[in-house]
Amino acid sequence: MEGKMIKSVAKFIVMLLIAIPIIVLIGCSGGSGSGNRVIFSFTDEIQTMLEMYYDDNPTPEKEKFTVQIIAYEEFTNQLTSRFRSGQNIPALVTLEEKPSRAFIERNYFTSLDSLITSDNDMYEYTFNAGKFNNVQYGLSWQATPGGFFFRTDIAKKFASTYLDITASSTVNEIVAAVQTKISTWEGFIELASVLHTNSNGGVKILSSNNDPSRVFISNREVPWVETIDKVEFFRIDESVKKYFETIEALEIGNNSSGKAISTRDRFVNGSNDSDTTWFADMNTTIAQFDQSRSNSDDSDDLNLVFGYFLPTWGLHYQLKNNGAATSGNWAVAPGPQAFSDGGTWLAVTSGHKYANQAKDIVKYLTTNKAFLKAWAEQTGDFVNSKSVMQQVSSAFIGDAFLGGQNHYDIFMSAAETNNPGPLSKYDVYISNTAVRSWAANFGVRTNDEDVGIKYSQNIDNYFQALADDVKSNYSAINISNWKTW
């Protein structure tokens, strides 16, 4: 049975929080109402999965489900419109981690509790996004733990003494040395300072100060909006405060005045997550760096970026796609805190004519270990089964892009210890606003003039302004007691 499943994957596009896949909108097939055998999805990997399901579960053509792919940026509105109109409602849908909460709380989906059997070995944290009021409405075939991906060649050239490594150190020795230093955020900032000093400001530990947001947001203990006696209260977790304090330290860098007055002073390269510079920084070689600094015009100088905080999918769909020139010089360490980012959940529409058949597909894609093993081996996806990932890791000989490192060991540990905070239906807007839009201006000081709103010495004022922003968009939310520390 497993042999039948092992075939070429037509295309594998992983869901990410801010990515917008270029996907053609396919017209609706079937009739109206709730009678369609349709899977509604923003990712076309589900089409290949469905083919594998039917390989193992032969089904007459007329009884097969079809996949309707909707462009990511249109997906939420399209799905909302279907549910509200009651027309062309899909039997099965894919959901992203944060947007899923709003749909789940509207009671659109049926319980999947019966699919969670006694021999289940899914990673515990993956239940969080798909659960509401202690009922499991969504299940995922994948886990997306993260780590700190970093350049081993930069470590050797600019921090060998500090890390106690040599040119002949193995990738595992380098990973261990780096992790020893960055097991805390204080240690992470200290390594940033060493790299900065030893390169005359040319090596930045991160490309963007948004990168650590994945870690801090994942480690919240309190949701952005907490409901107490039917009243919704805006909350800012202490982990978010720690994030802003950390990025301010990275922005100030080694400037003794406490004000970052130039890019050279800072420990970050000043890009924004997923912009052109962010991706280009993955591909800058040491040779290019040295050449740029041999010119008399320092405006042409390139900076080197040491690392990125990325989840599992970041390796295949960001680093490998943009770092061909630096291939073989990367590795991944656990970093200061375990975290996860992204993921795709499957949910079955409540009361749908074909709900039972849809549940059978969900059961296969999320619990069939032969399928999960084949999928992991074909795509490199980190699947949501501890026993399967142990098998995959045991047989894995190492990733050439990572200098031969077996990164699965790092991710399995992260998936076991990761404990992401609770979600609310407001997470998409608040996380993007608080972490991306507001953080971009936090801590940046130029020519002794404040740029942005407030800084760490006035953190309460800064977060009060954020609370006011949330209130302006969601008037029903109470913002009177947002502090949690």
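**Briefing: aromatic pairs, helices and backbone features of a predicted chain**

Tryptophan 185 and phenylalanine 309 are both buried. They belong to a predicted model whose chain has 485 residues, of which 56% are buried. The secondary structure comprises 18 helices and 15 strands. Of the contacts in the chain with a separation of 6 or more, 77% are between residues 24 or more positions apart. The accessible surface amounts to about 19,300 Å², and carbon and sulfur atoms contribute 46% of that area.

**Aromatic pairs**

- The number of aromatic pairs comes to 41.
- One of these pairs joins tyrosine 123 and phenylalanine 382, with ring centres 5.7 Å apart and planes at 35 degrees. The pair is classed as tilted because an angle under 30 degrees would be needed for stacked and one over 60 for edge-to-face.
- Tyrosine 123 is in the loop between α4 (97-105) and β4 (131-132), whereas phenylalanine 382 is in the loop between α14 (369-379) and α15 (386-395). The pair thus links distant parts of the chain, 259 residues apart.
- Tyrosine 123 has a relative accessible area of 1% and is therefore buried, the limit being under 20%. Phenylalanine 382 is likewise buried, with a relative accessible area of 1%.
- Tryptophan 185 and phenylalanine 309 form a tilted aromatic pair, at 5.5 Å centre to centre and with 50 degrees between the planes.
- Because tryptophan 185 lies in helix α7 (residues 185-198) and phenylalanine 309 in strand β11 (residues 304-311), this pair ties together parts that are 124 residues apart in sequence.

**Charged groups over aromatic rings**

- Arginine 151 lies over the face of tryptophan 330, at 5.8 Å from the ring centre.
- Lysine 157 lies over the face of phenylalanine 158, and here the distance from the ring centre is 5.6 Å.

**Surroundings of tyrosine 137**

- Tyrosine 137 is placed in the loop between β5 (135-136) and β6 (139-140).
- With a relative accessible area of 14%, tyrosine 137 falls under the 20% limit and so counts as buried.
- Leaving aside residues up to four places away in sequence, tyrosine 137 touches Ile104, Phe109, Thr110, Ser111, Leu112, Gly130, Phe132, Leu346 and Ala347.
- Asparagine 107 is 30 residues from tyrosine 137 along the chain, and their C-alpha atoms are separated by 9.2 Å.

**Helix α3**

- Helix α3 (residues 72-85) has 14 residues and an expected span of 20 Å at 1.5 Å a residue; the end C-alpha atoms are 21 Å apart, which agrees.
- The buried residues in α3 are Tyr72, Phe75, Leu79, Thr80, Arg82 and Phe83.
- Viewed down the axis of α3, these buried residues fall within an arc of 160 degrees, so they line one face of the helix.
- An α-helix has 3.6 residues a turn, so residues three or four places apart point the same way.
- On the face of α3 turned away from the buried side are the exposed residues Asn77 and Arg84.
- Glycine 86, just after α3, takes a positive phi of about 75 degrees.

**Helix α2 and phenylalanine 42**

- Phenylalanine 42 is found in the loop between β1 (38-41) and α2 (45-56).
- Phenylalanine 42 counts as buried because its relative accessibility is 2%, under the 20% limit.
- Phenylalanine 42 and isoleucine 69 are 27 residues apart in sequence, while their C-alpha atoms are 5.5 Å apart in space.
- Helix α2 has twelve residues and reaches 17 Å from its first C-alpha to its last, close to the 16 Å expected at 1.5 Å a residue.
- Helix α2 is mostly covered, with nine of its twelve residues buried. The buried residues in α2 are Glu45, Ile46, Thr48, Met49, Leu50, Met52, Tyr53, Tyr54 and Asp56.

**Positive phi in residues other than glycine**

- Asparagine 88, a residue other than glycine, has a positive phi near 50 degrees. Asparagine 88 is placed in the loop between α3 and β3 (92-96).
- A relative accessible area of 24% makes asparagine 88 partly exposed.
- Serine 274, also a residue other than glycine, has a positive phi near 75 degrees. Serine 274 lies in the loop between α9 (238-252) and α10 (276-280).
- Serine 274 counts as partly exposed, at 27% relative accessibility.

Definitions and conventions
Residues are numbered from 1 along each chain as its sequence is written. This is a predicted model: local features need pLDDT of at least 70, side-chain atom pairs count only at pLDDT 80 or more; totals for chains, interfaces and linings use all residues. Side-chain values use heavy atoms; hydrogens and water are left out. Helices (H or I, at least four residues) and strands (E, at least two) are DSSP runs, numbered from the N terminus. Buried means under 20% relative accessible area, exposed over 50%, partly exposed in between (1.4 Å probe, protein chains only). Contact means heavy atoms within 4.5 Å. Rings of Phe, Tyr and Trp (its six-membered ring) pair if their centres lie within 6.5 Å; planes under 30 degrees apart count as stacked, over 60 as edge-to-face and the rest as tilted. A charge sits over a ring if NZ of Lys or CZ of Arg is within 6 Å of the ring centre and within 35 degrees of the ring normal. Accessible areas come from the Shrake-Rupley method with a 1.4 Å probe; for residues, only the protein chains shown count as cover. The expected span of a helix is 1.5 Å times one less than its number of residues. The arc is that of the directions from the helix axis to the C-beta atoms.
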